[in-house]
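Visitor: Got a minute to walk me through this one? I'd like to hear about the salt bridges, then how the chains meet, then any holes inside.

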Amino acid sequence: MKALRKFIDKQKPHFEKGGKFQKFHSAFDSVETLFYVPDKVTTAGSHFRDAIDMKRTMIVVFISLIPALLFGMWNIGYQHFLSLGESPDHWTMFLYGFLKMLPIIVVTYGVGLGLEIVFAQIRSHEVNEGFFVSGLLIPMIVPPETPLWQIAVAVAFAVIFGKEVFGGSGMNIVNPALTARAFLFFAYPSDMSGERVWISEMADTFSGATPLGNALVGNFDNMPSQWEMFMGFLPGSIGETSTLMILIGALILLATGIGNWRIMLSVFAGGYVMGLLFNLWGLNDYMNMDPLNHLLLGGFAFGAVFMATDPVTAAQTNKGMYIYGFLVGVIAILIRVFNPAYPEGVMLSILLMNVFAPLIDHYVIESNIKKRLKRMKAILIKN
Amino acid sequence: MSAEVKEREPLFSAKNMKLIKNPINLSNPITVQVLGICSALAVTAKLMPAIVLSISVLVVMAVSNVLISLLRNGIPPRIRIIVQLVVIASMVILVDQVLKAFVYDVSKQLSVFVGLIITNCIIMGRLEAFAMSNKPWPAFLDGIGNALGYGIILIIVAFFRELLGSGTVLDMQVIPEGFYEFGYKNNGLMILPPMALITVGVIIWVQRYYTRDLIEKN
């Protein structure tokens, strides 16, 4: 490790003002701070730098994604060999999935970080850590067979139009990872939905429909058991299937105080309540489905834990978080059951609520101001 | 009485040419004034309808600008909007009939949007802001200029949307078949209206990058 430090220190003067590589200072900076805590100190004002800066926050999120990521890799292999009717050992399955997944991750990071560095350079900012997590989220929410060039285009779109036009990380209105997915979903629907995309190199005779896809067309015959849904031995986007692994990630986020429990809780509550309401209504089989299934299937858990809680795009006030999360859950289930074109509604509901989050905050703050004014007046009249 | 002869302004004086040039860049109706966005979203999925609509708007705008300018001293201010609308509407009906007679297919594609030229905010805006208080010739140039500014943006947006969304330009295959065999696919999002809005946004971005005057100072 010391050699690395020495090497970085040796290179540093070249990238500082007046050095020959001054132009690439943001690229250098991003590499240095990836390995070491930055040595910068504030020069004005009385504030200090917390040890939990954005980079450490992002690394915790990164770690919390790893269980779902590893499971996702194994599941790619498992589903593939299941469709072929083979059952090799777990390492073979994992290796198969790993090799499927690796190019997707490499392309996402390559394109995303490349663009971030270009923009940082043009604006003479530092490269922001924001893409560190987005770059891992994007591969986890696409089907395993998504063509790499499509991922590259979607990542470029998400970074430029989801983030950089608004001023970079922290300024974006909608979640960049979901922007990338929404782009893929609408631009290349044949590679993002249907029965053929969820299992890689599937045997032709096998039905690869996800349980949600089946449910939407009224086919409940091969609905998996709740245990299978919870464990995630199902076809689907890479990281979304296993509720268990996502909950482990959620525990890490909550224990470190980085994820927000209000949002997670209210998303699940919203989904469950909507499921119950549909049960009461009960016009068809889908409406009568156990509301718990809704929470376990598809990307619901993944969206609730990793997407809806994005601190930039979610509501900021405590009350606002409850409203925001609840509506995310409600709308997701509403889209699932009612929209015949979209078997899964979590992505769309989170994007929609991202847009509404500032409005929710606005009214929460306004009502608080009014409440306090009233209290103030009451006190004044009394005296 | 003074024998002073008022010198006539030449037809293409610098001032008059400005009436044409300005709306194309500095005061472009779509990218700077953000008017007429609705039709820019609706008809730009393919290039052909965009061109036809641009020409229709050009004709309607130039002629109604001249007509209103001729009538401007006779229009009672209280009912001026109604008079303007009557003029625009009759022009639009004429254009619509011509399109139906000569380019029926395109006219079908444009469907209601030719009729909706009547409500195009750019035309009403120019009649109110310019033709009501200027002579016919400058009014004519102003109409042409604004219609060109509108049409250029429409055509640029439509070009990219058709190229990326359908792989064609004017319904001719441009992207080679070989690409598709390699796995290239047309971008379905380009055909949907949101992408038109984003394309307009990109044009504004590029325009502002090159025209520093447009950037607000604060």
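**Salt bridges, interface, cavities**

Guide: Sure, starting with one pair: R123(A) and E164(A) form a salt bridge, and their closest N and O atoms are 2.9 Å apart. Keep in mind that this is a predicted model.

Visitor: Where do R123(A) and E164(A) lie in chain A?

Guide: Both are in loops. R123(A) is in the one between α4 (90-122) and α5 (130-140), while E164(A) is in the one between α6 (148-163) and α7 (176-187), so the pair ties together parts that are 41 residues apart in sequence.

Visitor: And how many salt bridges are there over all chains?

Guide: The count comes to nine.

Visitor: How many of those are between chain B and chain A?

Guide: One. It joins the side chains of K185(B) and D191(A), at 2.7 Å from N to O.

Visitor: Which helices of chain B supply residues to the side that touches chain A?

Guide: α10 (188-191) and α11 (193-210) of chain B each supply at least two residues there. α11(B) gives the most, with four residues.

Visitor: What's that side made of, by class?

Guide: On chain B, the side touching chain A has seven nonpolar residues, four polar and one charged.

Visitor: Okay, what about polar contacts across the interface of chain B and chain A, how many residue pairs?

Guide: Three residue pairs, with both residues at pLDDT 80 or more.

Visitor: Let's talk area. How much is buried between chain B and chain A?

Guide: About 940 Å², and carbon and sulfur atoms give 72% of that. On chain B's part, K185(B), L189(B) and W205(B) supply 50% of the area buried against chain A, more than any other three residues. K185(B) is also the residue in the salt bridge with D191(A).

Visitor: And in residues, how many of each chain are in contact?

Guide: 12 residues of chain B are in contact with 13 of chain A.

Visitor: Switching topic: how many cavities of 30 Å³ or more does the structure hold?

Guide: Two. The largest has about 60 Å³ of space in it.

Visitor: Which residues line the largest cavity?

Guide: The lining comes from chain A: G72(A), N75(A), I76(A), Q79(A), P144(A), W198(A), I199(A), S200(A), G236(A), S237(A) and I238(A).

Visitor: How does that lining divide into nonpolar, polar and charged?

Guide: Five of the residues lining the largest cavity are nonpolar and six are polar, with no charged ones.

How values were computed: Residues numbered from 1 in each chain as written. Chains lettered and ligands numbered in written order. Predicted model: local features only at pLDDT ≥ 70, side-chain atom pairs only at ≥ 80, totals over all residues. Heavy atoms only, no water. 1 Å grid on protein atoms, 1.4 Å probe; cavity = no way out; pocket = protein on both sides within 12 Å on 5 of 7 lines; lining within 4 Å. Points joined across faces, edges and corners; volume = space filled by probe spheres on them. Nonpolar A, V, L, I, M, F, W, Y, C, P; charged D, E, K, R; others polar. Contact = heavy atoms within 4.5 Å. Buried area = accessible area lost by both parts, 1.4 Å probe. Salt bridge = Lys/Arg side-chain N within 4 Å of Asp/Glu carboxyl O. Polar contact = N/O pair within 3.5 Å; in protein donor to acceptor, adjacent residues only side chain to side chain.
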